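Load the model in your viewer and follow the stops below in order. Each stop says what to select and what to find there.

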Amino acid sequence: MKFGKVEHPELVDFTLPKDHNDTVGVLAGVDKNQPVSISIGCAKWNRQDLKNFYPRGTKDELVYYSSQFNSIELNATFYRIFPGEQYEKWYDKTPEGFKFFPKISRDISHLRRLNEASLPIVDRYLDVTSNLKEKLGTIFLQMHDNFDPKNWDRVVRFVEYWPKEFPLAMEFRHTDWFNDEKVSQELYHLLQENNIANIVVDTAGRRDMLHMRLTNNEAFVRYVGANHVSDYDRLDDWIDRLDGWKEQGLRNIHFFVHQNMELESPLISAQFIDKLNKKWNTDLQIPKTLQDSTGKLF
């Protein structure tokens, strides 16, 4: 992911901002005895992007990837709507408990920009995506950078049309969604009322997207590394923030790592899993190819 890339990441203040005032209210009232669902992974599984991740002789990349991670942010579905049989194959290749978090087709978000003609495509997209059955995680919609609040009516219509049985997260990139408090409050209210996750994006060049406003009991975080030593220190800040949210009631954490040089993603994901395991005494699997014979990450 090149979104938010900067030439000099060492000049960026990567400090996470304070929580939005309304986030604590969203998390209040949750039964804290409920288990915490944690999904951590990369955005792609193909060998070309994740170089040096797959052992020599790996025949099927998805089979191996899903043996190492418990989830994938499925960006391939942004570029085309695959036939239903393809989703069935992905389902069959992955183990029990694995989750796919597919991106909504660009035909809907970027080409038709949520206009009325996009709604039949939503039906077609969901018809095939549903073949992932219980392995289907939260579907997410990412809007174009130039999709601004003037298109508010389209957003409302899309949200009202979306079938509520499919978990949904939404990502808005135009800065006016965040800079205008009235606009942002209306957006957050719409998402909250419809149990839609408000995606948090942590990337160097767009710190305004760190709104820290959760709109349901789900933290859907897209973490974009800057190919800089600070990438690993930033993970500590996220561990602390998620820990605070968990104490307040957060029970669904979906954290996906992107890199401008994508081959780094598995390693950073593994570091995050390792840190989280130590913080919460969890036993999430750390990818084997990223450990030495003693189990230490390298």
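Select Asp 202 and Tyr 223: Tyr 223, in β8, is the bridge partner of Asp 202. This is a predicted model. Extend the selection to β7 and β8 (residues 219-224), which pair in the parallel sense over 3 bridges.

Now show the whole sheet. In what order do its strands run? The order is β3-β2-β1-β9-β8-β7, with 6 strands in an open sheet and parallel pairing. Colour β3 (99-102) and β7 (200-202): each has a single partner strand and stands at an edge, so one side of each has no neighbour in the sheet. On average, neighbouring strands of this sheet are turned by 25° against each other, direction ignored.

Next, add helix α10 (residues 230-248). Helix α10 lies across β7, β8 and β9 (252-258), and runs at about 170° to β8. In the loop between β8 and α10, pick Asn 227. Asn 227 is not a glycine, yet its phi is positive, about 55°. Most residues other than glycine have a negative phi. Is Asn 227 buried or partly exposed? With a relative accessible area of 31%, Asn 227 is partly exposed.

A second residue of this kind is Arg 113. Go to the loop between α5 (106-111) and α6 (119-129), where Arg 113 is placed. Arg 113 has a positive phi, near 50°. Its relative accessibility is 22%, and because buried means under 20%, Arg 113 counts as partly exposed.

From that loop, move on to α6 and add helix α7 (residues 152-161). The two helices pack at an angle of about 40°, and their axes are 11 Å apart. The crossing of α6 past α7 is right-handed. To see the contact, show Leu 119, Val 122 and Asp 123 of α6 together with Arg 157, Phe 158 and Tyr 161 of α7. These residues divide into 4 nonpolar, no polar and 2 charged.

Keep Phe 158 selected. Which residues does Phe 158 contact, leaving aside neighbours within four places in sequence? They are Ile 104, Ile 108, Leu 114, Val 122, Leu 141, Leu 168 and Met 170.

Finally, show the largest nonpolar core, which has 86 residues. Phe 158 is one of the members that touch the most others, along with Tyr 65, Met 170, Trp 238, Leu 242 and Phe 255. Helix α11 (residues 265-280) gives the most to this core, with 6 residues.

Terms used
Residues numbered from 1 in each chain as written. Predicted model: local features only at pLDDT ≥ 70, side-chain atom pairs only at ≥ 80, totals over all residues. Heavy atoms only, no water. Pairing = 2+ DSSP bridges. Helix = DSSP H or I, 4+ residues; strand = E, 2+ residues; numbered from the N terminus. Axes fitted to C-alpha atoms, helices over the stretch in contact; angles between N-to-C directions. Contact = heavy atoms within 4.5 Å. Core = buried A, V, L, I, M, F, W, Y, C linked by side-chain atoms within 4.5 Å. Buried < 20%, exposed > 50% of the residue type's maximum accessible area, 1.4 Å probe, protein only. Left-handed = near helix turned anticlockwise from the far one by under 90°. Nonpolar A, V, L, I, M, F, W, Y, C, P; charged D, E, K, R; others polar.
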